[in-house]
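Student: I would like to learn how to read a protein model feature by feature. Could you take me through one slowly?

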Amino acid sequence: MADGDEKEDMETRPAFESADRGSFINISAVGGSSSSGHSILQFSPLQSTVDEGFWRKLADLKLEVLGISENPLEVTGFYAPMFHEQVSNHLKLLSESLQPDPGRGTSVSIKFSGNRNLCPVPGILYNMNTLDTFKALDRRALFNLEVQKIWEDIHSGKVEEDSSLLCRFFLISYADLKKWNFYYWFAFPALVLEPPAMLTDLRRASEVFSIEEGTALLAACNEWRQSTSTAGVPFFLVHIISNVVVRLRPLRDWEACQQEGGKVLLGFYDPCHLPANPGWPLRNFLAFAVVRWGLERATVLCYREKGGFGDLQQCLVVDILVSTPPGWSNHELVPKAVGWELNSHGKLGPRLINLATEMDPKRLAISAADLNLKLMRWRALPSLDLKCLSSTKCLLLGAGTLGCQVARNLMAWGVRHITLVDRGHVAMSNPLRQSLYTHDDCLNGGKLKVNAAAENLKCIFPGVEAEGVSMTIPMPGHFVTADELSNIMKDCMQLKDLIDSHDVIFLLTDTRESRWLPTLLCADANKVAITAALGFDTFLVMRHGAGVGLSIDTDAPKMLGQDGPLEFEDLAASASERREKRLGCYFCSDVVAPVDVLSVSLFTYKSNLIPRRVAEC
């Protein structure tokens, strides 16, 4: 069976040091020698690069689609032939590597045909919910599963139709979306030839081919790389028919090439830049050639580029002797494999990237707040509609003890649009009881409460849209002079406009009569209104206004019959039905109009906030 951890037992080692140290071949110019004088062929390990956009896309998918699911995700990696003589190309993960909606279970269909710098290869992502589950993953089992897929693709002939299957990879990850830390570990499974492949000759392509052959070869390679149908095919056959006729052909044409005669080389996109070592993809290519074609000797073209075009000075031609390992003819017997990537310290273990420093602090705050809410929805409240909460506009009448606490709790539950109404200034006694104010807000006569509250809400959570409106709420029982009448009417119209433009109204003022007019306006506009009141030893919270399923617009047509207006009895019955659906309000049980309590002693008027009898409406 395949084994990514051949020499040591994973269970007896630390969580991040559990893979076999021998599972990665070290790079060297010349391998060990055999008794025949040939050296063992050694390969340059493939390395990974993950674009920041990939992690951002994964974070969005985690929050919006995946939730707490730990199901494997199909991803697409990209690599290309070496194009700089001093730097190897890495396998890259981009934002496009993830499907837009993997929750639907659709297969990977991302194709970058025609892009010569993005050769797509299939991969699997295992993203865990916690760091503990990431550490506890059975990496050996996951590794063996991917090796088995490669082995089955070789035997079934799928590789001949899609050669990128030889480059299968997978990675395990944990995304800490509060700190924006991403732990990840790549594996590039490669089948182990036993006995190993022997290197008989390795030279630059310019030293192997004649000028005519080299010119024809470069022309064929450039044509292959420029075609939209073949640019992303990493493994191919180099069919040299004559000195001036060279063709690149897909793997399925192996038999045809043998029948037509000429010389056939195995070709692949080599990401490695080293002058004496081929790249990691050649390992599975040789295993494929041994199993499917029974090769014992092979000549391989390691295709490399310079300046975007094939360069014979950079390309390598490698002569290799291979032997079919015992048991490889048995499809059921999966061979050993290696391929865990080393971390940045050159050791076997995961890598860590922190994107917090690259993130806008406002976006970090929004992301952390959303994560808490979505965790509650995933685990406890599946019916919690976060989009509805975030789009709901809340009007808070009163910015005192109640107003401050309600505003903060609304933010915690995902409300992002809050308007506060009050006319007072921050007094020295306020910060002790009202959580949105500080001592600095009291200086120089005190800031307007609504302005200070809105500013501090934004300091607490930058994602909130908080606004303050300083105005007086007209109250019954309060004497109004003729000079003040016009201002009172303006306040009434401004309050009506505010109520009409918001979805939920909270009545949080410190007197009963200041709640009377907003209650009437909420009833007239059919708005949801919530009253909260505090006494010395009692409290009251109630919702009034529109009942469940009751809407003025949708219920109005019921007032008309099929053939015209209803009779009086029908109208009365319809009105009675609507009253039964409608919720009672704060003043339903009152038999007298509210009176002015502000002139009463400071120590007695607040106890009048809660009536002696609460109507059960």
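Tutor: What follows is a reading of a predicted model, taken from the overall make-up to a sheet, its helices, a cavity and a single residue.

Student: What does the secondary structure of the protein come to?

Tutor: The protein comes to 18 helices and 23 strands, and of its 617 residues 49% count as buried. Among the contacts between residues at least 6 apart in sequence, 72% join residues at least 24 apart.

Student: In which order do the seven strands of the open sheet stand?

Tutor: One reads a sheet by following each strand to its partner, and here the order is β1-β8-β15-β12-β11-β9-β10, with mixed pairing. The strands β1 (39–40) and β10 (245–249) stand at the edges with a single partner strand each, so one side of each has no neighbour in the sheet.

Student: Which helix packs on the sheet and touches β10?

Tutor: That is helix α6, residues 211–226, which touches β9 (235–242), β10, β11 (263–269) and β12, and whose direction makes about 30° with that of β10. Another helix, α8 (residues 282–293), lies across β9, β11, β12 and β15, and runs at about 145° to β11.

Student: How many bridges join β12 to β15, and how do these strands run?

Tutor: Six bridges join β12 (residues 297–303) to β15 (residues 316–321), and the two run antiparallel. Taking the pairing residue by residue, R297 has L321 of β15 as its bridge partner, while A298 stands opposite I320 in β15. Strand β8 (residues 198–204) is also joined to β15 by six bridges and runs antiparallel to β15; there the bridge partner of M198 is L321. L321 is thus the partner of both R297 and M198.

Student: At what angle do the axes of α1 and α9 cross?

Tutor: For a pair of helices one looks at the axes and then at the residues that meet. The axes of α1 (residues 52–66) and α9 (residues 361–379) come within 9 Å and cross at roughly 35°. On the α1 side the contact is made by R56, D60, K62, L63 and E64, which meet R363, S367, L371, K374, R377 and W378 of α9. These residues divide into three nonpolar, one polar and seven charged.

Student: How many cavities of 30 Å³ or more are there, by the rule used here?

Tutor: Rolling a probe the size of a water molecule over the atoms shows where empty space is left. In this model the count comes to four cavities of 30 Å³ or more, and about 80 Å³ of space lies in the largest. The largest cavity is lined by L46, L166, C167, R168, F188, P189, W280, P281 and N284, a set that divides into seven nonpolar, one polar and one charged.

Student: Is K393 buried, partly exposed or exposed?

Tutor: K393 is partly exposed, because its relative accessible area of 39% falls between the cut-offs of 20% and 50%. K393 is found in strand β18, residues 393–397. Leaving aside residues up to four places away in sequence, K393 touches H417, S501, H502, D503 and V504. The C-alpha atoms of K393 and T419 are separated by 7.9 Å, although these residues are 26 residues apart along the chain.

Notes:
Residues numbered from 1 in each chain as written. Predicted model: local features only at pLDDT ≥ 70, side-chain atom pairs only at ≥ 80, totals over all residues. Heavy atoms only, no water. Pairing = 2+ DSSP bridges. Helix = DSSP H or I, 4+ residues; strand = E, 2+ residues; numbered from the N terminus. Contact = heavy atoms within 4.5 Å. Axes fitted to C-alpha atoms, helices over the stretch in contact; angles between N-to-C directions. Nonpolar A, V, L, I, M, F, W, Y, C, P; charged D, E, K, R; others polar. 1 Å grid on protein atoms, 1.4 Å probe; cavity = no way out; pocket = protein on both sides within 12 Å on 5 of 7 lines; lining within 4 Å. Points joined across faces, edges and corners; volume = space filled by probe spheres on them. Buried < 20%, exposed > 50% of the residue type's maximum accessible area, 1.4 Å probe, protein only.
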